[in-house]
Amino acid sequence: MGDVVKDLTAGTVGGAAQLIVGHPFDTIKVKLQSQPTPLPGQAPKYAGAVDAVKQTLSAEGPRGLYKGMGAPLATVAAFNAVLFTVRGQMEGLLRSQPGAPLTVNQQVVAGAGAGVAVSFLACPTELIKCRLQAQSALASSDSAVVAVKYGGPMDVTRHVLKSEGGVRGLFKGLVPTMAREIPGNAAMFGVYELLKQSFAGGEDTSRLGRGSLMVAGGLAGASFWVSVYPTDVVKSVIQVDDYKNPKFSGSIDAFRKILASEGIKGLYKGFGPAMARSVPANAACFLAYEVTRSSMG
């Protein structure tokens, strides 16, 4: 139980650091992903990431960049606690003997297992967050006023429970969420361990400095998005899709329609903000986790 408590605590601190640093980038990513495809001859609502930032600040102020943060902030403790705790428990199962360091391949397996567990927490949280982040992007492009459909996370939750199939509605997009979290976390934890061992010159990484941990964490986070980004685009468009008049019948249909209408480029909308977010946010997350974990003995 001691290790579980340590992982729970350190995971919570790491998740909070990640969210505070990375949420504005995530908001812009979702806005770019979910903006409607323009009609022939028309320009898209946002010309790119910088334009999305400018329009958001102009219409909503700095608070607009933190739209939807309430849902992940409320669940960040549970999400990261589960992620790091399940990973820690799987590490224990995979070790040949107590205290033995894991290989990179074993960390990949541990990360994939953690990804399965967190998918069930991530899906409803992501749905609420994406609805709040995307509502201004989904407003008519000729409107000068931001259309507000939801008043906050609880308003989204009430609407979904009442009008979109109850609890099942909160798990809309679970398949692409799992398709993101399982391989994404496998890649992230594998790369993290690989870089730590490379920096340490061996399997003993206990003496690595904070700079090395930040670099390893930042690049590990980048590997998450590089490996699964198109899946994240599919997840976002499904979760913000209209319940009564859906554009997409499922993940495969969404993938095909995006590819047909926008090409490969459409599957990488918002990739720049996602990558700009992943490095500092995950550097903060892993550093906060490692420092907190080591301080607890």
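Here is a short briefing on the main pocket, the cysteines, the salt bridges and the aromatic pairs of this structure.

The model is predicted, so local features need pLDDT of at least 70 and side-chain atom pairs count only at pLDDT 80 or more, while totals for chains, interfaces and linings use all residues. Residues are numbered from 1 along each chain as its sequence is written, and side-chain values use heavy atoms, with hydrogens and water left out. Helices are DSSP runs of H or I with at least four residues, numbered from the N terminus.

**The largest pocket**

- The largest pocket has a volume of about 920 Å³.
- On a 1 Å grid over the protein atoms alone, with a 1.4 Å probe, a pocket is an open set of points with protein on both sides within 12 Å along at least five of seven lines, and lining residues have an atom within 4 Å of a point.
- Grid points are joined across faces, edges and corners, and the volume is the space filled by probe spheres set on them.
- There are 28 lining residues, and those closest to the pocket centre are Glu91, Arg95, Lys196, Glu290 and Arg293.
- At least two lining residues come from each of α1 (2-34), α3 (70-94), α7 (174-200) and α10 (271-295).
- The most generous contributor is α3, with 6 residues.
- By type, the lining has 7 nonpolar, 9 polar and 12 charged residues; here Asp, Glu, Lys and Arg count as charged, Ala, Val, Leu, Ile, Met, Phe, Trp, Tyr, Cys and Pro as nonpolar, and the others, Gly among them, as polar.

**Cysteines**

- The whole structure has 0 disulfides, a disulfide being a pair of cysteine sulfur atoms within 2.5 Å.
- For Cys123, the closest cysteine sulfur is that of Cys130, and at 9.8 Å it is too far for a bond.
- Cys123 is buried, at 0% relative accessible area, and Cys130 is buried at 0% too. Buried means under 20% relative accessible area, exposed over 50%, and partly exposed in between (1.4 Å probe, protein chains only).

**Salt bridges**

- The count comes to 18 salt bridges, each a side-chain nitrogen of Lys or Arg within 4 Å of a carboxyl oxygen of Asp or Glu.
- Arg293 pairs with Asp3 at 3.5 Å, N to O. Because Arg293 lies in helix α10 and Asp3 in helix α1, this bridge ties together parts that are 290 residues apart in sequence.
- Asp3 is partly exposed, with a relative accessible area of 45%.
- Arg293 also forms a salt bridge with Asp7, their closest N and O atoms being 3.0 Å apart; Asp7 and Arg293 are both buried.
- Glu60 and Lys67 form another salt bridge, at 2.7 Å between the closest N and O atoms, and Lys67 is partly exposed at 25%.
- Shared partners join Asp26, Lys29, Glu126, Lys129, Arg180, Glu181, Asp232 and Lys235 into one salt-bridge network.

**Aromatic pairs**

- The structure holds 10 aromatic pairs. Rings of Phe, Tyr and Trp (its six-membered ring) pair if their centres lie within 6.5 Å, and planes under 30 degrees apart count as stacked, over 60 as edge-to-face and the rest as tilted.
- Tyr229 and Phe271 meet edge-to-face, 5.2 Å centre to centre with 80 degrees between the planes. This pair links helix α8 (residues 210-239), home of Tyr229, to Phe271 in helix α10, 42 residues apart.
- Tyr229 is buried at 0% relative accessibility, whereas Phe271 is partly exposed at 27%.
- Phe271 also pairs edge-to-face with Tyr268, at 5.6 Å centre to centre and 80 degrees between the planes.
- One aromatic cluster brings together Phe84, Phe189, Tyr192, Phe286 and Tyr289.
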